[in-house]
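Subject: Structure for you to look over

Dear colleague,

I am passing on the structure we spoke about, and below it you will find my notes on what turned up when I went through it. Please read them with the coordinates open beside you.

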Amino acid sequence: MSVSPQLAVLESGRADGWRAALERALRAEFLGSPLVLPAGSPLAAPECGVNGCPRAGEKSPWGRFDTRLCGFHWKRWVGDDRPECSDEWLSAQRPPSILRPIERCAADGCRHSVYAVGLCRWHRQEWVEAGRPARERFDAWTRPPAAGEAPCAVAGCGFPACSAREDRNLCDAHTARFHAWRQRRGPLAEHERSLERYVAEIGARARRAVLACVPLPDNPLVALELRFALQCRHDEGGGFINSSCWRETVERLVALEVRSLLDFDCPPPQRAGGRTRVPAWMFYVNCARRSLLALRARLGLEDPWAPDVWHVQLLPVDHAGGRLRNLDWRPIRPAWLRGLCKRWARHRLRGGVSFSHVNSIRLATVRLVEFCELAGWPLDDSACLTRELFDAFLDHARSLQAGAEHKRKIAYGVKQLFEDCHSLGWISLRHPRVYLSGELPAQRERLPRA
Ligand SMILES: [Zn+2]
Ligand SMILES: [Zn+2]
Ligand SMILES: [Zn+2]
């Protein structure tokens, strides 16, 4: 792991200061252990739209504002050829059997859960022995069995344990489900089909269903940082937490032995289908970093202009960055040129120039650096910025397989950056005009405001 500036801060004894700052910034509702989301928090996923399905509705087949589905029902929906009418399809669905809500026995006054045909085990037996009479009469006439005091062993079930079987402390409904579950696992070893295994598995399923309790890593500082990120997301109304993605994030942070979200190297982006992708679990890390950097900037712990990646939201300028999130200066080499570009961008952004314009100049400079590295033009200092270099770069830009507008932006970006820096007295060009107006590729669109 490389030592970043933030790590240097953390290691120089100020980690406690950062930790204390986080603790001060966190409200009591986000400091609980285990962390339970506040009631009505936008961080909790809405329930699946299938009646009785307790899973988190993490998929939105009919658009973001319509009914949502859990992963299980989403697969069903895809299997049914993605029906467009939600009401008709939804009413035909049932929750997965393992999570189906458990009903009370239909016999009057009975406290047991349903075993079969709407009756508990004891009443079903009575009903069969009575020659299966009409149910309405039977349900009203029959007497309730003695309900044992022990509750069902499945967490959150609440029905009394089955009175007929004293060796198993499951309610009637869970007894039936347990038998079916054992049957399906027939070929497995006995310990894989045990009652303990069943109770543990069903408990884990229910926990996975909805993220009520947010898992956090053991490292206290990372846990605090994630708590703070959750609080920010809650306050901004920033969408629910996908439970499996969050769990993976926590697992990865633990496996990488991360000590602070601000000081670990992100894994390299994966290449898939010609596109580079940041791993999905980094999503929450990147969101958290933005919140944490904003806090550090607010507390005066950081100069937002100092890093080589600028977080647009954190920069002290009045106008918004639109869809632009970061300005990454790292591809601009060597360091003096990067410093010059950052100085120019800071100066211009403070003067009211738009982020998108500054970004287009940044991209033009990246193209210039790439060209110099490929074609062997040295960039040791500002004396290397000669008319010959700019001419060669213009030829290169003209020969690119790109539209006229793109070529013009590249040439114009380089022209503006270096002419500005010369006018501001930050560098001294031998020829103060990088390109004359007639030399640039034709201008199709309006000039950028500068
Ligand atoms: Zn569902
Ligand atoms: Zn009953
Ligand atoms: Zn039960």
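What span should the 13 residues of helix α13 (residues 387–399) have at 1.5 Å a residue, and how far apart are its end C-alpha atoms? The expected span is 18 Å and the end C-alpha atoms are 18 Å apart, so the two agree. Please bear in mind throughout that this is a predicted model.

Staying with this helix, Phe390, Phe393, Leu394 and Ala397 are buried in α13. Seen down the axis of α13, the buried residues fall within an arc of 105 degrees, and they therefore line one face of the helix. An α-helix has 3.6 residues a turn, so residues three or four places apart point the same way. Glu388, Asp395 and Ser399, on the other side of α13, are exposed, while the cover over its buried residues includes α12 (355–375) and α14 (404–423).

For the chain as a whole, the secondary structure amounts to 14 helices and six strands, and 27% of the 450 residues count as buried. Among contacts between residues at least 6 apart in sequence, 56% join residues that are at least 24 apart. The average pLDDT of the chain is 83, with 88% of the residues scoring at least 70; over residues 1–13, however, the pLDDT is below 50, and this stretch has 13 contacts in the model beyond near neighbours in sequence.

Turning to the interior, the largest nonpolar core holds 33 residues, of which Val222, Leu226, Ala229, Leu261, Ala288 and Leu292 touch the most other members. Helices α8 (220–236), α9 (243–255) and α10 (282–298) each supply at least two residues of this core, and α8 gives the most, with seven residues. At least three residues of this core come from each of domain 1 (5–41 + 213–298) and domain 2 (46–100). Leaving aside residues up to four places away in sequence, Leu292 touches Glu225, Phe228, Ala229, Leu261 and Leu262. There is also a second, separate core of 28 residues, which includes Val312, Leu394, Val414 and Leu417; Leu394 is also among the buried residues of α13.

Some backbone details deserve a careful look. A cis peptide bond joins Ser33 and Pro34, with omega about -10 degrees, and Pro34 is found in the loop between α1 (5–25) and β1 (35–36). Another cis peptide bond joins Arg333 and Pro334, with omega about -5 degrees, and Pro334 is placed in the loop between β6 (326–328) and α11 (335–350).

Positive phi values also occur outside glycine. Val117, in the loop between α3 and α4 (121–129), has a phi near 40 degrees, and this residue is exposed, with 12 other C-beta atoms within 10 Å. Glu257, which lies in the loop between α9 and β3 (270–272), has a positive phi of about 50 degrees and is likewise exposed, with 11 other C-beta atoms within 10 Å.

Lastly, Glu84 is found in the loop between α2 (71–79) and α3 (86–91). Glu84 is exposed because there are 9 other C-beta atoms within 10 Å, where 12 or fewer is the cut-off. The C-alpha atoms of Glu84 and Trp62 are separated by 7.4 Å, although these residues are 22 residues apart along the chain.

With best wishes

Definitions and conventions:
Residues are numbered from 1 along each chain as its sequence is written. Chains are lettered from A and ligands numbered from 1 in the order in which they are written. This is a predicted model: local features need pLDDT of at least 70, side-chain atom pairs count only at pLDDT 80 or more; totals for chains, interfaces and linings use all residues. Helices (H or I, at least four residues) and strands (E, at least two) are DSSP runs, numbered from the N terminus. A residue is buried if 20 or more other C-beta atoms lie within 10 Å of its own, exposed if 12 or fewer, and partly exposed in between; C-beta atoms are placed from the backbone. Two residues are in contact if their C-beta atoms, placed from the backbone, lie within 7 Å. A nonpolar core is a set of buried Ala, Val, Leu, Ile, Met, Phe, Trp, Tyr and Cys residues joined through C-beta atoms within 7 Å. Domain bounds come from an automatic or database domain assignment. The expected span of a helix is 1.5 Å times one less than its number of residues. The arc is that of the directions from the helix axis to the C-beta atoms. pLDDT is the predictor's confidence in each residue, from 0 to 100.
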